[in-house]
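Got your viewer open and the cartoon view on? Let's walk through this one stop by stop, with something to select each time.

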Amino acid sequence: MIAPWLLAAHIAVLGYWLGSEFVINSTYRYVSYSDHMPFEERSRLMEHVMHVDQHVRYALVLQASLGPAIAALYGYIPGGESTAIGFGVFGALWFGFVELVHRLRHSGIGKTLGAIDRGSRYVLMAALVGTAMGLIGGAWPMPEWLRWKLALFACVMMCGVGIRLALIAHFRTWAVMAREGPTDETNAIIKRTYVRATSVLLLLWVFIAAITVISIWKPA
């Protein structure tokens, strides 16, 4: 049976996700606080951060497709293997789209693809909340602990959106620094932005920890 193997992959992806987050945050902190480093080097490292951030997006896609596939195979949502295969195909297509968004982010169509990417996440969050509340699949034999897990996963995604919003000031200030050079004022903004984004990231990790506890405990 493939379900146990998918469950093992589901757990492994969580470690992959957290590892990527740690690398991103530590490198971003190094860039933010390296006032005396030449800006060209800071900019190169910041571009590396954006590349590593792609791994978090990969993990999101993998979790969002593996989870429902496993639930279908265990009979929590209808369709069995057919539904599981459907989510596998969906995940593969979404994975390809996320990679396309990353590779074309500096092109003319980059902003449009980015907007579609963000919009798809809002749709997924709404679907997760709706399923957690029973508005979607209220008659499915889905245990209460799994609905709580879906709600927490929606919270994780909301934190991801919150981090993006917190980083708006970073990207605006970074563009000014690229044109005019860094100053004490712009460096201070970058540091404050790092603190705000990291605060939201810590909340995201709390939600992931809660998901892990519920997944192991499976309260009735």
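One bit of vocabulary before you click: buried means under 20% relative accessible area, exposed means over 50%, and partly exposed is in between (1.4 Å probe, protein chains only). Try that on K218: it counts as partly exposed, because its relative accessibility is 43%. K218 sits in the segment after α7, and its phi is near 50°, a positive value in a residue other than glycine.

Some housekeeping. This is a predicted model, where local features need pLDDT of at least 70 and side-chain atom pairs count only at pLDDT 80 or more, while totals for chains, interfaces and linings use all residues. Residues are numbered from 1 along each chain as its sequence is written, and side-chain values use heavy atoms, with hydrogens and water left out.

**Zoom out**

Show the whole protein: you should find 7 helices and 0 strands. Helices here are DSSP runs of H or I with at least four residues, strands are runs of E with at least two, and numbering starts at the N terminus. The C-alpha trace spans about 60 × 35 × 30 Å along its principal axes. Of the 220 residues, 43% are buried. Take the contacts (heavy atoms within 4.5 Å) between residues at least 6 apart in sequence: 71% of them join residues at least 24 apart.

**Select α4 and α5**

Color α4 (110-132) and α5 (144-166). Their axes come within 8 Å and cross at roughly 155°. Axes are lines fitted to C-alpha atoms, for helices over the stretch in contact, and angles run from 0 to 180 degrees between N-to-C directions. That makes the two helices roughly antiparallel, the label for angles over 145 degrees. Now show side chains: among the α4 residues that meet α5 are R121, Y122, L128 and A132, and their partners in α5 include R147, F153, M157 and V161. By class, this contact has 13 nonpolar, 1 polar and 2 charged residues. Nonpolar covers Ala, Val, Leu, Ile, Met, Phe, Trp, Tyr, Cys and Pro; charged covers Asp, Glu, Lys and Arg; the others, Gly among them, are polar.

**Swap α4 for α2**

Keep α5 and add α2 (39-73): these axes come within 13 Å and cross at roughly 165°. So α2 and α5 are also roughly antiparallel to each other. On the α2 side, pick D53, R57, L60, Q63, A64 and A71; they meet L146, F153, M157 and R164 in α5. This contact divides into 6 nonpolar, 1 polar and 3 charged residues.

**Into the core**

Which residues touch the most other members of the largest nonpolar core? Select W17, L128, F153, V156, M157, W174 and L204, out of 57 residues in that core. A nonpolar core is a set of buried Ala, Val, Leu, Ile, Met, Phe, Trp, Tyr and Cys residues joined through side-chain atoms within 4.5 Å. Helix α2 gives the most to this core, with 16 residues. Center on L128, and you'll see it touch L150, F153, A154 and M157, not counting residues up to four places away in sequence.

**Last stop: α7**

Find A210 in α7 (184-217). A210 is partly exposed, at 24% relative accessible area, and its C-alpha is separated from that of F153 by 9.6 Å, though they are 57 residues apart along the chain. V206 is also in α7, and is exposed at 51%. Draw a C-alpha to C-alpha distance from V206 to L152: 9.8 Å in space, 54 residues apart in sequence.

Note on methods
Angles under 35 degrees count as roughly parallel, over 145 as roughly antiparallel, 65 to 115 as roughly perpendicular and the rest as oblique.
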